[in-house]
Amino acid sequence: MATKTIMLACAASAQGKDYDIFATSTSDVDNALAQRHPDVLLLGPQVAYLKNEVKAKTDAADVPMDIINMMDYGMMKGDNVLATAEKIMG
């Protein structure tokens, strides 16, 4: 059982969008894909080295994925990250 809960927040509601945005560890991707079946998975740039492993899992679950742009992540440009997610979702 986790000892801490960490919430990921963004500006989706400030843009008038009703999105459920959540974060999970890379070790829990399988469970999150099965239980929540997201429309897109964005991988943090600090774990980009896991791209092939995670992509195999998202491909099997028919969920598109990409890596968050390092500059957007580092500069906390949530609007750009959200735009990326929306582009991937179509």
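Which residues of helix 4 are buried? Select helix 4, residues 78-89, and you'll find Val81, Leu82 and Ala85 as its buried residues (buried means under 20% relative accessible area, exposed over 50%, partly exposed in between, with a 1.4 Å probe and protein chains only). They cover an arc of only 100° around the axis, which puts them on the same side of helix 4; the arc is taken from the directions from the helix axis to the C-beta atoms.

Before you click on, a word on what's loaded. This is a predicted model, in which local features need pLDDT of at least 70, side-chain atom pairs count only at pLDDT 80 or more, and totals for chains, interfaces and linings use all residues. Residues are numbered from 1 along each chain as its sequence is written, and side-chain values use heavy atoms, with hydrogens and water left out.

**Stop 1: around helix 4**

Keep helix 4 selected and add strand 1 (41-43) and helix 3 (70-74), which are among the elements covering its buried residues. Helices (H or I, at least four residues) and strands (E, at least two) are DSSP runs, numbered from the N terminus. Now pick the end C-alpha atoms of helix 4: they are 16 Å apart, which agrees with the 16 Å that its 12 residues should span at 1.5 Å a residue (the expected span is 1.5 Å times one less than the number of residues). Step just past the helix to Gly90, which takes a positive phi of about 85°.

**Stop 2: Pro64**

Next, select Pro64, in the loop between helix 2 (51-60) and strand 2 (65-67). Pro64 is partly exposed, at 33% relative accessible area. Which residues does Pro64 touch, leaving aside neighbours within four places in sequence? Show Asp39, Val40, Leu41 and Ile88: those are its contacts (heavy atoms within 4.5 Å). For Asp39, try a C-alpha to C-alpha distance: 7.2 Å from Pro64, with the two positions 25 residues apart along the chain.

**Stop 3: Arg36 and its partners**

Go to Arg36, in helix 1 (29-36). The side chain of Arg36 meets that of Asp20 in a salt bridge, 2.6 Å from N to O (a side-chain nitrogen of Lys or Arg within 4 Å of a carboxyl oxygen of Asp or Glu). Asp20 sits in the segment before helix 1, so you're looking at a link between distant parts of the chain, 16 residues apart. Asp20 counts as exposed, at 60% relative accessibility, while Arg36 is partly exposed at 41%.Turn on Phe22 as well: the charged end of Arg36 sits over its ring, 3.8 Å from the centre (NZ of Lys or CZ of Arg within 6 Å of the ring centre and within 35 degrees of the ring normal).

**Stop 4: the Lys57 network**

Finally, select Asp30, Glu53 and Lys57, which are linked in a network of salt bridges. Lys57 meets Asp30 at 3.4 Å, N to O. Lys57 lies in helix 2 and Asp30 in helix 1, so this pair ties together parts that are 27 residues apart in sequence. Lys57 also pairs with Glu53, where the closest N and O atoms are 3.8 Å apart. Glu53 and Lys57 are four residues apart in helix 2, about one helical turn. Colour by accessibility and you'll see partly exposed residues here: Lys57 at 22%, Asp30 at 42% and Glu53 at 46%. Across the whole structure, the search finds five salt bridges.
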